[in-house]
Amino acid sequence: MIDGQQTSARPQLTELSNTAVALHREHFGRGPGAAKTHVADNLVVCVLTDVFTPFEKTLIEAGQEERVRETRAIHRAATEGVYKSRMEAVLGRRIEAHMSSIHVDPDVAVDIFVMSEEIEADDTAPA
């Protein structure tokens, strides 16, 4: 359920997953094999599978998993603003934080977005 609206949850979850896939494709040169998004309270969790590029797979096979983790962490820090703004556009809510983690076997990445509380337009008007 997103913001208590069961009927609109499915299309928004699909749009969030599609946004996560598009961001991965734009920044890594290929999309993940699959994506599934979960929303609970103020959290959005995007689970992506089959995420590694051929280059990253080569490094992992060579025992350089930590290099892949380091590079992905640097990338996340460098693109945090882009990821946050794209998710904000879909959600209509500000993203306070974005965290990302990878797992090698199985090949999975998780992006977590923490949303701020919604502010009603009427609440911001002077009294």
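In the predicted model, the axes of helix α2 (residues 54-61) and helix α3 (residues 65-91) come within 7 Å and cross at roughly 140 degrees. Helix α2 is therefore oblique to α3; an angle would have to be over 145 degrees to count as roughly antiparallel. On the α2 side, the contact is formed by Glu-56, Leu-59 and Ile-60, which meet Glu-65, Val-68 and Arg-72 of α3. By class, the residues of this contact comprise three nonpolar and three charged, with no polar residue among them.

Arg-72 of α3, a participant in the contact with α2, is also associated with the largest pocket. This pocket holds about 250 Å³ of space. Its lining consists of 17 residues, of which Arg-72, Arg-76, Ser-100, Ser-101 and Ile-102 are the closest to the centre of the pocket. Two or more lining residues are given by each of α1 (6-28), α3, β3 (95-103) and β4 (108-115). Helix α3 provides the largest share of the lining, with seven residues. The lining as a whole is made up of seven nonpolar, six polar and four charged residues.

Two loops between strands contain backbone features of note. In the loop between β3 and β4, where Pro-106 is found, a cis peptide bond joins Asp-105 and Pro-106, with omega at about 15 degrees. The loop between β1 (34-40) and β2 (43-49) contains Asp-41. For Asp-41, phi is near 50 degrees, a positive value in a residue other than glycine.

With respect to confidence, the mean pLDDT of the protein is 88, and 83% of the residues reach 70 or more. Two segments fall outside this range. Over residues 1-7, pLDDT stays under 50, and the model has nine contacts beyond four places in sequence for this segment. Residues 122-127 likewise have pLDDT under 50 throughout, and for them the model has one contact beyond four places in sequence. Where pLDDT is low, predicted coordinates should not be read in detail.

Methods: Residues are numbered from 1 along each chain as its sequence is written. This is a predicted model: local features need pLDDT of at least 70, side-chain atom pairs count only at pLDDT 80 or more; totals for chains, interfaces and linings use all residues. Side-chain values use heavy atoms; hydrogens and water are left out. Axes are lines fitted to C-alpha atoms, for helices over the stretch in contact, and angles run from 0 to 180 degrees between N-to-C directions. Helices (H or I, at least four residues) and strands (E, at least two) are DSSP runs, numbered from the N terminus. Angles under 35 degrees count as roughly parallel, over 145 as roughly antiparallel, 65 to 115 as roughly perpendicular and the rest as oblique. Contact means heavy atoms within 4.5 Å. Ala, Val, Leu, Ile, Met, Phe, Trp, Tyr, Cys and Pro count as nonpolar, Asp, Glu, Lys and Arg as charged, and the others, Gly among them, as polar. On a 1 Å grid over the protein atoms alone, a cavity is a set of points where a 1.4 Å probe fits but cannot get out, and a pocket is an open set with protein on both sides within 12 Å along at least five of seven lines; lining residues have an atom within 4 Å of a point. Grid points are joined across faces, edges and corners, and a volume is the space filled by probe spheres set on the points. pLDDT is the predictor's confidence in each residue, from 0 to 100.
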